[in-house]
Amino acid sequence: MTVIDKQNIEGMNFENSRKLLDGILTETRLIKSLVFSKEFENDVYIKPENLQTTGSFKIRGAFNKISKLTEEDKSKGLIASSAGNHAQGVAYAAQKLGVEATIVMPTTTPLIKVEATKSYGAKVILHGDCYDEAYKEALRLKKENGYIFIHPFNDLDVIEGQGTIATEILEELKDVDCILVPIGGGGLAAGIAISAKKINPNIKVIGVEPEGAKSMKASIEKGELICLDKVCTIADGVAVKEPGDITFSIIKEYIDEIVEVSDFDIMEAFLILLDKHKLIGENAGVSSLAGLKKIKEKNKKIVCIVSGGNIDVLTMASMIDRGLVSRGRIFSFTVDLPDKPGELLKVAEVLARTGANVIKLDHNQLKSMDRFMEVQLEVTVETNGHKHIEQIISELKSSGYDVIVL
């Protein structure tokens with residue numbers, strides 16, 4: 001494991017990195033969120049890095065790193081491995097700096113990220129089912145072709161570039177109490193923690209990992225790097241089996257806490273951000289907002305970094321549907337009805353009485369155990385939350401129906 005020299009960390013110059021990034025970044029000013037503030041009883045702000053040109057914060061670290069390469073190194077060409085956002089950051093930075101780049105991406109990478117990376121002039125190679133397999137292939141190609149490898153997180157220059165986010169946050173909100181940041185490999189969290197605590201050591205920095213890919217938390221708890229057997233989460237951008245040794249060393253010392261969020265927490269955060277702020281965040285990108293559920297403190301000023309917004313339309317549609325179900329905005333159920341006239345009307349009257357809006361109905365005689373005596377009615381209704389759903393179920397049961405929730 002790499003031992004990090006304290007002087008290297010103390011020597012990070014986030015202001016110089018910001019100057020290098022001048023003219024490259026889109027300004028992402030803080031957004032006060034009334035809805036998240038009310039729901040989680042804190043003063044919540046959003047740092048919308050999903051609005052960057054490449055759709056994520058990754059341009060910061062990639063550009064900072066590539067800018068510092070010698071001309072000789074640049075002439076060798078670059079290679080990187082990425083689940084998508086680092087790929088676009090490297091491709092965009094390489095294009096701006098006139099350097100050739102090859103990116104290895106997992107075969108599971110959403111098409112929108114693959115096409116966006118190609119649009120910046122990079123050569124894309126699809127390999128492996130997850131980031132770690134793409135990473136190994138990139139290292140093989142580096143050795144074979146003499147490329148300069150641009151690591152997505154385990155590099156001090158990359159970490160320094162990501163840390164510029166914290167300096168921007170503290171310029172706008174000097175009295176921030178806590179910053180929530182997604183953790184995959186740990187580069188963003190490491191940079192944020194160092195940068196923020198350089199300015200104010202009392203700021204709490206909390207990392208957020210999905211339950212199905214908590215490699216950093218497992219490593220911290222064990223006191224050594226852990227490689228998970230598998231990762232399973234909708235947040236593909238942070239689905240990392242093994243964090244970096246550099247980021248592990250930094251996070252172990254500088255991060256105050258790491259919390260876990262479920263895929264359902266992520267879906268809910270995605271839906272609220274889209275519905276109330278009209279902002280699109282990818283699954284990994286909204287995990288910081290999902291992490292608000294895990295914060296015990298109240299009435300604190302909290303900044304959540306929405307780290308990216310690169311999500312394809314089909315995934316977005318699925319996220320909206322699942323988020324609506326999770327929030328109690330959509331409710332699906334079945335009841336068995338006697339196969340005689342007027343029974344469907346009785347159910348409709350109950351639903352009308354409770355204010356449920358029917359959006360889908362399937363009256364299927366073939367699904368019942370006794371197709372000649374009963375018919376199964378499958379209904380999907382629009383609702384106003386979980387209490388409303390409980391009311392609907394109670395009314396249906398009072399009317400003699402056995403409700404099966406789907």
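In this predicted model, Ile-179 makes a good starting point: setting aside neighbours within four places in sequence, Ile-179 is in contact with Ile-169, Ile-192, Ala-196, Ile-203, Lys-204, Val-205, Ile-206, Val-303 and Ile-305. Ile-179 also belongs to the largest nonpolar core, which has 35 residues. Within that core, the members touching the most others are Ile-179, Ile-192, Ile-194, Val-205, Ile-250, Ile-251 and Ile-305.

Several elements supply two or more residues each to this core, namely helices α10 (164-172), α11 (187-199) and α13 (245-254), together with strands β7 (178-182) and β10 (301-306). Helix α11 provides the largest share, with seven residues. A second core, separate from this one, holds 32 residues, among them Ala-235, Val-261, Ile-311 and Met-319. In soluble globular proteins, nonpolar side chains tend to be buried together.

Turning to the aromatic rings, four pairs are found in the structure. For Tyr-92 and Tyr-120, the ring centres lie 5.3 Å apart and the planes meet at 70 degrees, so this pair counts as edge-to-face. The two tyrosines join distant parts of the chain, 28 residues apart: Tyr-92 sits in helix α6 (residues 85-97), while Tyr-120 lies in the loop between α7 (111-119) and β5 (123-126). Both Tyr-92 and Tyr-120 are buried.

Another of the pairs is formed by Phe-331 and Phe-333, and this one is stacked, with 5.2 Å from centre to centre and 25 degrees between the planes. Phe-331 and Phe-333 are likewise both buried.

Notes
Residues are numbered from 1 along each chain as its sequence is written. This is a predicted model: local features need pLDDT of at least 70, side-chain atom pairs count only at pLDDT 80 or more; totals for chains, interfaces and linings use all residues. Side-chain values use heavy atoms; hydrogens and water are left out. A nonpolar core is a set of buried Ala, Val, Leu, Ile, Met, Phe, Trp, Tyr and Cys residues joined through side-chain atoms within 4.5 Å. Buried means under 20% relative accessible area, exposed over 50%, partly exposed in between (1.4 Å probe, protein chains only). Helices (H or I, at least four residues) and strands (E, at least two) are DSSP runs, numbered from the N terminus. Contact means heavy atoms within 4.5 Å. Rings of Phe, Tyr and Trp (its six-membered ring) pair if their centres lie within 6.5 Å; planes under 30 degrees apart count as stacked, over 60 as edge-to-face and the rest as tilted.
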